[in-house]
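Work through the exercises below with the sequence and the coordinates open. Each task is followed by a solution in steps.

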Amino acid sequence: MTDARQPVATGGCQCGAVRYAFYAPLENSHVCHCRMCQRATGGLFAALAGGALANFAWTRGTPAFFPSSNLARRAFCEKCGTPLSFHYEDETARMYVTMGSLDHPERAGIVRQFGVESRLPWVKFCEDIPGEITGNSEEEQQYLAKMRTNQGPARE
Ligand SMILES: [Zn+2]
Ligand SMILES: [Zn+2]
């Protein structure tokens, strides 16, 4: 795939089969502590940096997608398993990539945190960053009411 635009941020999976680029500065970089993000990344939280979908392209290979719910999809490399992205299916049309998959994660920073109700008590590094509880507003509760999770059971 060729693109005449100049990438501002690039990244990809661990094995190199899948690469991506943003053609505008990253926005709204955040961590999400919610259980879905913990399970999707296999980590303690998801660290995500994003931008408008129109300013994003997969530049090498094609990722596989898991629809973690009816509202959102998460991309990963089929060969090496690296979690690569998160995006909502609705009109927000924003794409978030996993910060650790960026070539320069140190340029992203963190401005918000979400899902703080699930933040592990010993995860202390971003306590001074504004946080939101999932379902905090009526608008968000209405949105979440439409969500049907595709996750497996959390426990057997
Ligand atoms: Zn890979
Ligand atoms: Zn989350």
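The model is predicted.

**Exercise 1. Follow the strands from strand 6 to strand 9. How many bridges join strand 6 to strand 7, and in which sense do the two strands run?**

Step 1. Strand 6 covers residues 64-66 and strand 7 covers residues 72-76; 3 bridges join them, and the strands run antiparallel. One pair to look up is Phe-65, whose bridge partner in strand 7 is Ala-75.

Step 2. The connection is a hairpin, with 5 residues between strand 6 and strand 7.

Step 3. Strand 7 also pairs with strand 8 (residues 83-88), in the antiparallel sense and over 5 bridges. Here Arg-73 has His-87 of strand 8 as its bridge partner.

Step 4. The hairpin of strand 7 and strand 8 has 6 residues between the strands, and Gly-81 takes a positive phi near 85° there.

Step 5. Strand 8 goes on to pair with strand 9 in the antiparallel sense, over 2 bridges. Ser-85 stands opposite Val-97 of strand 9.

**Exercise 2. Place strand 4 among its neighbours. How many of the 7 residues of strand 4 are buried?**

Step 1. Apply the burial cut-off: a residue is buried if 20 or more other C-beta atoms lie within 10 Å of its own. In strand 4 (residues 46-52), 6 of the 7 residues are buried, so the strand is largely enclosed by the rest of the structure.

Step 2. Strand 3 (residues 27-32) pairs with strand 4 in the antiparallel sense over 4 bridges. Cys-32 has Ala-46 of strand 4 as its bridge partner.

Step 3. Strand 9 (residues 94-98) is joined to strand 4 by 5 bridges, and these two strands run antiparallel. In this pairing Gly-50 stands opposite Tyr-96 of strand 9.

**Exercise 3. Write down the order of the strands in each sheet. Which strands are at the edges of the sheet of 8 strands?**

Step 1. The pairings of the two previous exercises belong to an open sheet of 8 strands, in the order 6-7-8-9-4-3-10-11, with mixed pairing.

Step 2. Its edge strands are strand 6 and strand 11 (131-132), each of which pairs on one side only.

Step 3. Another open sheet has 3 strands in the order 1-2-5, and its pairing is antiparallel. Strand 1 (9-12) and strand 5 (56-60) are the edges of this sheet, each pairing on one side only. On average, neighbouring strands of the sheet are turned by 25° against each other, direction ignored.

Step 4. Within the sheet 1-2-5, strand 2 (residues 19-22) is joined to strand 5 by 4 bridges in an antiparallel run. Ala-21 has Ala-57 of strand 5 as its bridge partner.

**Exercise 4. Describe the largest nonpolar core. Which element gives the largest share of this core?**

Step 1. The core has 30 residues, and those that touch the most other members are Cys-32, Ala-46, Leu-48, Ala-49, Leu-84 and Val-97.

Step 2. Two or more residues each come from strand 2, strand 3, helix 1 (35-41), strand 4, strand 7, strand 8 and strand 9. The largest share, 4 residues, comes from strand 4.

Step 3. Take Val-97 as a sample member. Leaving out residues up to four places away in sequence, Val-97 touches Gly-11, Tyr-20, Leu-48, Ala-49, Gly-50, Leu-84, Ser-85 and Leu-102.

Step 4. As background, nonpolar side chains tend to be buried together in soluble globular proteins.

**Exercise 5. Examine the backbone at Asn-28. What is the phi of Asn-28?**

Step 1. Asn-28 is found in strand 3.

Step 2. Its phi is near 50°, a positive value in a residue other than glycine. Most residues other than glycine have a negative phi.

Step 3. With 13 other C-beta atoms within 10 Å, Asn-28 is partly exposed.

**Exercise 6. Summarise the whole chain. What share of the 156 residues counts as buried?**

Step 1. The protein chain has 2 helices and 11 strands, in the sequence pattern β-β-β-α-β-β-β-β-β-β-β-β-α.

Step 2. A compact globule of 156 residues would have a radius of gyration near 15 Å; the chain has 15 Å, which agrees. The C-alpha trace spans about 40 × 35 × 30 Å along its principal axes.

Step 3. Of the 156 residues, 33% count as buried.

Step 4. Among contacts with a separation of 6 or more, 56% are between residues 24 or more positions apart.

Conventions
Residues numbered from 1 in each chain as written. Chains lettered and ligands numbered in written order. Predicted model: local features only at pLDDT ≥ 70, side-chain atom pairs only at ≥ 80, totals over all residues. Pairing = 2+ DSSP bridges. Axes fitted to C-alpha atoms, helices over the stretch in contact; angles between N-to-C directions. Rg over C-alpha atoms; globule rule 2.2 N^0.38 Å. Buried ≥ 20, exposed ≤ 12 C-beta atoms within 10 Å, placed from the backbone. Contact = placed C-beta atoms within 7 Å. Core = buried A, V, L, I, M, F, W, Y, C linked by C-beta atoms within 7 Å.
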